[in-house]
Amino acid sequence: MPILNGLPSMSDDSRPQLPRHTLGQRIFHFLGSMDLAITLLLALAIASVIGTVLQQNQPYTDYLIKFGPFWFDVFESAGLYDVYSALWFLAILTLLVISTSTCVIRHTPSMIKDMWNLRTHVQEKSLRAMSHSHEWDVSSSVDDSVNKLATELSQQGFRVKQTAKEEGILISSMRGGMNRLGYIFTHVAIIVICLGGLLDSNLPLKFAEWQGRIKIETRDLATKDIPAISRLPVGSNAFRGSIHIPEGRSAEVAFLAMRDGYLVQELPFKLEVRDFRIEHYATGQPKSFETDLVLFDDELEQPLEVTISVNHPLFYKGYAIYQASFSDGGTGLSLEAWPLDSGAGNKPFSFETKVFENRQMHWGEESARLEVLSFRPFNINPDPKEGDPDNLRNFGPSFGFKLRSKTGEAREYLNYMLPVPRNGRDFYLSGVRSSQAEEFGYLYLPLDSEGGLTAFNQFLKRLYDLEIVESVAHQMMLETLASVEHKDDDLEQSLENSLISLVAMFMSGGFAEVATFIDTTLPEAERETLGPAYLSMLREMLARLYFSGFEQPESDADTEQQLTFLQDAVDAIGSFSRYGSPVYFSLTDFDHVEASGLQVTHAPGKSTVYLGCALLIIGVFLLFYLPQRRFWAIVKKKANGSNIVLAGMSNRNPREFDLFFEQISKQLKQVSGNS
Amino acid sequence: MSNRINALNIESDTALAQWSWRGLMAIAAVVLLQLYSSVFDSYEIGIVVLTAVSLALLGQNWSGFRRHVIAVTVLSFIALWLYGQDLSLGETDFFLSYILASQSAFMWMSALFVMATVAYFSGLLMRSSFTEKVASGLTWSAATMGMIGLMVRWRESYLISHDVGHIPVSNLYEVFILFAIITALLYLFYERRYQTRSLGGFVLLVITAAVAFQLWYTFEKQAHEIQPLVPALQSYWMKIHVPANFVGYGAFAMAAMIGVAYLLKSWCQTARPQGLLANVLPELSMMDDLMYKSIALGFAFFTVATVLGALWAAEAWGGYWSWDPKETWALIVWLNYAAWLHMRMTKGWHGRPMAWWAVIGLFVTLFAFLGVNMFLSGLHSYGTL
Ligand code: HEM
């Protein structure tokens with residue numbers, strides 16, 4: 001390829017190097033070398049991959065579980081859990097910035113010269129030697145031709161200069177000199193962006209931590225108890241912090257997550273959340289998150305009231321406040337605890353609690369710690385009844401909680417406030433699971449005709465009341481044995497006892513326990529016949545216990561309804577042992593309080609970065625789409641007219657320049673009067 | 001006096017054609033702004049103006065593009081008119097359900113792209129320039145149907161409900177179509193500039209692959225359903241960030257396919273200099289040049305897209321750069337091509353190694369575009385599979 005460019009070639013290796021004397025020069029050369037630049041670009045790319053493959057900034061215990069102790073340590077010391085602020089990563093970036101700077105320093109002077117210099121020193125010989133050149137004769141005088149050519153070239157957007165030479169007049173012209181500026185812009189932009197980014201990084205914090213001036217707090221403390229060494233005063237430092245503010249409350253600090261702990265950043269203003277709102281699409285997906293915010297600052301005449309939402313932050317004094325997330329802000333819940341277990345008393349009792357509140361509960365001789373986890377004002381789920389997953393239904397409010405026993409074991413529950421219909425009847429629904437990994441299993445408590453749990457509670461009370469159970473068992477025994485002729489006391493006693501213990505077994509473990517009893521105690525030969533007999537006796541007992549609670553015989557329709565209720569109640573009681581809680585909490589009322597999750601950021605380097613971005617974009621387009629093109633013409637006097645030698649070159653897109661050169665030549669020949 | 005010769009030396013159309021086109025775009029923009037002056041905010045006005053200017057620039061010397069824009073506009077309006085206010089007509093009206101409803105238009109697009117690929121290759125192998133012309137026509141039609149599909153889908157989203165309505169560049173399904181259309185248009189642009197149709201089959205191969213994936217995605221995951229936008233995506237930045245990104249992806253994909261053609265030809269030249277492929281494919285130096293052009297274009301637009309992404313992130317997530325996997329992969333792609341460009345511009349590398357590198361670049365790009373959504377999680381998890 002011909003040297004298209006008057007500059008020494010940009011590639012360092014293709015031109016003979018002057019002997020280098022000092023170490024400084026050698027280092028300068030190395031830093032500005034293209035090989036280093038390309039190596040660094042690729043190294044940075046590869047290093048960045050690591051941070052995307054390995055999830056960054058997770059809790060350290062997660063990594064420990066994932067990699068085991070050995071690799072955990074290896075990866076930790078390589079800084080892989082926070083690659084982008086690891087020393088080696090920053091070192092690559094720094095080297096890239098140094099290398100680019102060296103490059104810019106080295107090339108800028110000649111680039112600037114090249115931008116303006118029209119090169120008036122070329123010889124006719126060298127014009128003829130260029131790969132793009134033409135020669136022709138015209139009848140007009142030298143001055144006339146020069147004028148015409150110069151005018152046409154300037155009309156084509158070229159800057160033109162004439163120089164008188166021995167052999168004639170040299171016209172030098174250039175278009176697209178700004179291409180060179182493109183180089184400078186692009187590369188300066190990289191430096192500017194990296195410096196701006198440095199201003200906004202958490203490097204100063206890391207440095208302060210390394211010096212021992214600040215210390216990351218890992219304990220869960222109330223804000224006012226956090227020691228000064230973990231607090232950052234209002235200042236010019238960059239940060240990205242978050243705060244959760246419940247509706248009606250305010251905050252003056254933000255929390256910066258650092259590795260396995262946090263720091264507290266004080267803010268120069270106070271933020272109060274008036275209201276937080278979520279709007280939903282018809283399908284239940286969230287449509288918008290909004291917070292009505294009030295900002296208090298002594299410098300303001302009156303507090304600033306604004307509504308922020310996702311994509312619409314508030315900018316104030318160089319701080320930006322974003323809608324980042326939301327959570328429960330301690331919703332007040334009115335609960336009624338309905339005993340399910342004999343030990344838990346036999347009357348429901350009401351109490352008030354809040355989301356995120358923990359309290360020790362006592363029911364008779366039983367106790368457990370109630371940890372309220374969550375509240376949702378509505379649940380839009382597929383309606384299982386329809387069998388069509390697109391058919392959505394609002395299941396109403398729900399709240400989640402854990403019950404933790406003295407031994408520390410906990411089960412998680414999810415209770416719905418409103419009754420849920422199933423097979424045409426209404427039930428209270430409560431989900432239970434023993435670990436996050438499991439699906440919820442559900443308890444369905446049947447509602448009585450009043451829509452409450454009273455009937456169920458009454459029935460349960462009878463089942464736990466030993467006196468009633470004994471008298472019903474006695475009655476049933478008498479009726480069963482009425483037709484038997486030879487009654488003896490033993491038979492009577494053993495039947496009565498069996499009935500009582502069947503009920504007791506059922507109450508403690510449902511039908512499953514009765515089945516186990518049958519399997520383990522009855523001889524195999526009798527199991528076939530006696531097993532079903534036991535089960536039907538149990539059912540009969542349960543029915544008698546239930547119906548003996550009513551004074552008057554009811555109509556047939558009512559009896560029908562009572563039978564289904566009995567069935568539902570028996571099913572529910574049968575699953576108590578799996579439900580595992582001595583009480584059922586029914587949500588009677590709530591006072592919804594949400595908390596808005598805000599992110600507060602201070603990025604003093606932002607405008608620097610944006611400036612760099614603008615430079616980068618302008619630079620790249622100048623580089624690619626504004627080729628620098630030069631034309632020269634030497635006009636010499638000839639017998640009758642003049643002789644013109646034209647030559648041109650471009651610093652990029654040689655293929656397009658072929659065409660361009662021909663077009664320009666044609667134009668110039670036309671105006672100069674080709675003969 | 002003489003016309004000024006363009007820096008890009010695109011051959012100029014007649015002044016009349018140029019001015020009527022620019023006038024048309026100006027009028028269209030003014031009418032649109034008048035019509036919606038009450039609902040547009042300043043950013044939307046900016047976007048309309050920007051679109052009109054770029055259409056005017058693209059079309060002033062490119063008659064094929066002018067026809068494309070007019071066809072898309074006219075047919076989209078017909079579709080809107082047929083729809084009226086009733087979305088269900090999309091399934092009952094004959095023209096909508098067979099041609100113009102977005103799903104049907106996309107099916108047409110897919111079929112036409114596949115046909116165009118076949119036609120390009122047959123034209124190449126049979127050395128039939130007529131067949132190649134047909135292939136160009138098919139590609140234009142495919143791009144047109146795809147564009148109509150997007151326009152109509154835009155309207156359909158508003159017909160579902162006003163608050164669901166949004167520009168169709170918000171999920172993987174929609175951007176795949178955008179990718180196919182943009183890549184095709186880029187190719188058609190260079191096809192005219194370089195006066196060769198022999199690379200069409202290669203470029204259309206990526207488009208066909210995209211279309212195949214798209215079809216699988218439609219049938220397997222019901223991905224074509226129009227979903228409302230999550231709050232993070234409700235931003236005017238999306239309207240420019242995503243298309244700019246896809247000009248980048250499309251250009252990189254094209255460069256890679258030209259790289260493939262380059263490698264094929266250079267092998268054939270050494271192995272079987274008289275072979276068919278060695279003779280029908282364009283000169284090596286031309287492909288090399290085209291590859292460079294394409295990567296330069298992709299790099300420029302990718303730079304713009306990444307900067308726009310940073311501006312958006314600063315508004316939605318609270319920081320212009322978060323090292324989120326999608327962001328980071330954009331950076332990786334960008335660095336990779338920056339290295340490619342330096343290698344070529346300043347070290348003067350040419351030929352096979354650069355072609356290989358362009359092909360590898362496609363895989364890096366593909367990972368940034370698809371792989372991140374499939375395998376990595378982060379803030380950008382809108383387009384998950
Ligand atoms: C992140 C870092 C860098 C980026 C994004 C970058 C970007 C670019 C771009 C886009 C071009 C234009 C390529 C073309 O015309 O095809 C270019 C050219 C160039 N770059 Fe870089 N560059 C970087 C670092 C460097 C470094 C460290 C050096 C010095 C060793 C360097 C030296 C050059 C040179 C000499 C040119 C050729 C200019 C010309 O011929 O007009 N670049 N760079």
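The C-alpha centres of domain 3 and domain 5 of chain A sit 60 Å apart. Keep in mind that this is a predicted model.

**How chain A is divided**

The domain assignment splits chain A into domain 1 (23–116), domain 2 (119–176 + 627–675), domain 3 (214–328 + 595–604), domain 4 (350–383 + 391–448 + 585–591) and domain 5 (458–583). So much for the overall layout; now for a sheet in this chain.

**An open sheet**

Three strands of chain A make an open sheet, in the order E13-E12-E23, with antiparallel pairing. At its edges are strand E13 (349–354) and strand E23 (583–591), each of which pairs on one side only. On average, and ignoring direction, neighbouring strands here are turned by 30° against each other. In general, the strands of a sheet pair through backbone hydrogen bonds.

Take a look at strand E12 of chain A, which covers residues 332–339 and pairs with E23(A) over eight bridges, in the antiparallel sense. One spot to find on screen is A:Trp338, whose bridge partner in E23(A) is A:Tyr584.

**Charged pairs**

Over all chains, the structure holds 36 salt bridges. As a general point, side chains of opposite charge can pair when their charged atoms come close. Here are three of the pairs, with the N to O distance for each.

| Residue | Partner | Closest N to O |
|---|---|---|
| B:Glu283 | A:Arg655 | 3.9 Å |
| B:Asp289 | A:Arg655 | 3.7 Å |
| B:Glu44 | B:Lys239 | 3.8 Å |

A good place to begin is A:Arg655, which forms a salt bridge with B:Glu283. B:Glu283 is in the loop between helix H11 (276–280) and helix H12 (284–316) of chain B, while A:Arg655 belongs to helix H16 (residues 654–672) of chain A, so this pair joins two chains. A:Arg655 also meets B:Asp289 in a salt bridge. With B:Asp289 in helix H12 of chain B and A:Arg655 in helix H16 of chain A, that pair joins two chains as well.

Are these residues buried or exposed? A:Arg655 counts as partly exposed, at 29% relative accessibility, whereas B:Asp289 is buried, with a relative accessible area of 5%.

There's a wider network of salt bridges here too, linking A:Arg655, A:Glu656, B:Arg193, B:Glu283, B:Asp289 and B:Lys293.

Now for the pair inside chain B, the salt bridge between B:Glu44 and B:Lys239. B:Glu44 is in helix H2 (residues 42–60) and B:Lys239 in helix H10 (residues 236–271), so the pair ties together parts of chain B that are 195 residues apart in sequence. B:Glu44 is partly exposed at 23% relative accessibility, and B:Lys239 is partly exposed with a relative accessible area of 22%.

**The nonpolar cores**

Which residues touch the most other members of the largest nonpolar core? Of its 166 residues, those are A:Phe624, B:Phe113, B:Phe246 and B:Trp340. H10(B) supplies the largest share of this core, at 19 residues. Apart from this core lies another one of 64 residues, including A:Phe401, A:Tyr413, A:Met507 and A:Val514.

To see how one of these residues is surrounded, pick B:Phe113. Leaving aside neighbours within four places in sequence, B:Phe113 is in contact with B:Thr139, B:Ala142, B:Ala143, B:Ala180, B:Ala184, B:Leu204, B:Ile207, B:Thr208 and B:Val211.

Methods. Residues are numbered from 1 along each chain as its sequence is written. Chains are lettered from A and ligands numbered from 1 in the order in which they are written. This is a predicted model: local features need pLDDT of at least 70, side-chain atom pairs count only at pLDDT 80 or more; totals for chains, interfaces and linings use all residues. Side-chain values use heavy atoms; hydrogens and water are left out. Two strands pair if DSSP finds at least two bridges between them. Helices (H or I, at least four residues) and strands (E, at least two) are DSSP runs, numbered from the N terminus. Axes are lines fitted to C-alpha atoms, for helices over the stretch in contact, and angles run from 0 to 180 degrees between N-to-C directions. A salt bridge is a side-chain nitrogen of Lys or Arg within 4 Å of a carboxyl oxygen of Asp or Glu. Buried means under 20% relative accessible area, exposed over 50%, partly exposed in between (1.4 Å probe, protein chains only). A nonpolar core is a set of buried Ala, Val, Leu, Ile, Met, Phe, Trp, Tyr and Cys residues joined through side-chain atoms within 4.5 Å. Contact means heavy atoms within 4.5 Å. Domain bounds come from an automatic or database domain assignment.
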